[in-house]
Amino acid sequence: MGLDRGDRNSEAARSLSRREFVRLLSAATAGAGFVGTALSGVALTTSQRAEAAEATADKLGKLPKRQLGKRMGKMMITPVILCQDWAPELYGPAIAQGVNFFHKAGYWNEQPPEVRKLPRESFYCDITVDSTPDHPDDEEMAYRQVTESLRKNGLKYYDIYRAHFGWKNLDALKTQRGTRRAFERLKKEGKVKYYGVSQHDYIPYPEIIAAHIEEGLIDSMQVFWSYETPKETQDIFDKAHKAGIGMTAMKVYAQGGRKMRGDQAMQAKMKAPGMIGRAGLRYALSVKGSDGKPIFDAAVTALRNFEQYEDNMGSFASKVAMADGFSHIA
């Protein structure tokens, strides 16, 4: 893939003259294909990568915004969010498309150039607090992760303090409160605003999510969700969203790609035949709860190159959705 770091370092990658690059880029942006496919196997210069990124963002169009739950004020974010472990060359086009939420920002030792030039109040970000599953009562470990990361990256504060991986059992959630105590200290100091969890399925989701809802402290929740998720799990996620919790889907492709790949009818319904990432995201972000509203406000997905980017970020992009005839639910 021409814009992917691995391919740029490949011996097989070839460079392009200015004329060749303009010709390929013009053809790709004018047609229905992906820019990334057209530039596959090409070693681009820094300026060519920036130009291709800008062209890609323009071709896809801006992303709409949705409110992330009801417990965090009017936090309006794009339905697909940026993750810290994306290929760095994808940050620029994502921001150009309007992406304004950065997941795992606590892992940045310094702000990426594309983020550094943004006013801090113009975007949202979270930190994933890693001590939660194995050291849920270690307040100082959680506190230090936040304060040390802010010292390094200069982000000033995190909008969401997210308990990474979540809790491994209900007793730890209810009695080992170090993760929560650290949050309360940090909030008083202005370093975090809202309390969230990235809950993995150590415990069956209907059980652990019900406990989160009952506890009443979680503002934002990130959970495994895909085309293969069973109904009883969908029902508890629906309940969480109706309780005002901001809901973000993760592992949409990793856990649902196989089933979506084998279901051409659903791909067609999602107006994305042959595009598994795009179809999966559209499905995940369109599934409605018992109140007729989407259960999930946003999704995060792992993107490694521009071809994946165009597939996934085209899911709700304005120009693509219009061309596809896909009517998303705001």
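This is a walk through the spaces and the aromatic rings of the structure above. Keep in mind as you look that the model is predicted.

Let's begin with the enclosed space. How many cavities of 30 Å³ or more does a search of the whole structure find? The search finds one, and its volume is about 30 Å³. To locate this cavity, look for the residues that line it: Pro136, Trp167, Ala172, Leu173, Gln176, Arg177, Thr179, Arg180 and Tyr195. Two helices each give at least two residues to this lining, namely helix H8 (170-175) and helix H9 (178-188). If you sort the lining by class, you get five nonpolar residues, two polar ones and two charged ones.

Now turn to the open spaces. The largest pocket holds about 490 Å³ of space. Several elements supply two or more residues to the lining of this pocket: strand S6 (158-165), helix H12 (252-261), helix H14 (276-284) and helix H15 (306-313). The lining has 27 residues, and those nearest the centre of the pocket are Lys251, Val300, Thr301, Ala302 and Leu303. What classes do the lining residues of the largest pocket divide into? Eleven are nonpolar, nine are polar and seven are charged.

Next come the aromatic rings. The structure contains 15 aromatic pairs. A pair of this kind is described by two things, the distance between the ring centres and the angle between the ring planes. Take phenylalanine 102 and phenylalanine 123 as an example: their ring centres are 5.1 Å apart and their planes meet at 35 degrees, so this pair is tilted. Along the chain the two partners are 21 residues apart, and the pair links distant parts of it. Phenylalanine 102 belongs to strand S4 (residues 101-103), while phenylalanine 123 is in the loop between helix H6 (113-116) and strand S5 (124-129). Are these two residues buried or exposed? Both phenylalanine 102 and phenylalanine 123 are buried.

Aromatic residues can also be found here as a group. One aromatic cluster is formed by Tyr205, Phe224, Trp225, Phe237 and Phe296.

Finally, look for places where a charge and a ring meet. Which residue lies over the face of tyrosine 227? That is lysine 259, at 4.6 Å from the ring centre. You can find another such contact at phenylalanine 326, where the charged end of arginine 282 sits over the ring, 4.3 Å from its centre.

Notes:
Residues numbered from 1 in each chain as written. Predicted model: local features only at pLDDT ≥ 70, side-chain atom pairs only at ≥ 80, totals over all residues. Heavy atoms only, no water. 1 Å grid on protein atoms, 1.4 Å probe; cavity = no way out; pocket = protein on both sides within 12 Å on 5 of 7 lines; lining within 4 Å. Points joined across faces, edges and corners; volume = space filled by probe spheres on them. Helix = DSSP H or I, 4+ residues; strand = E, 2+ residues; numbered from the N terminus. Nonpolar A, V, L, I, M, F, W, Y, C, P; charged D, E, K, R; others polar. Phe/Tyr/Trp six-rings, centres within 6.5 Å; stacked < 30°, edge-to-face > 60°. Buried < 20%, exposed > 50% of the residue type's maximum accessible area, 1.4 Å probe, protein only. Lys NZ or Arg CZ within 6 Å of the ring centre and 35° of its normal.
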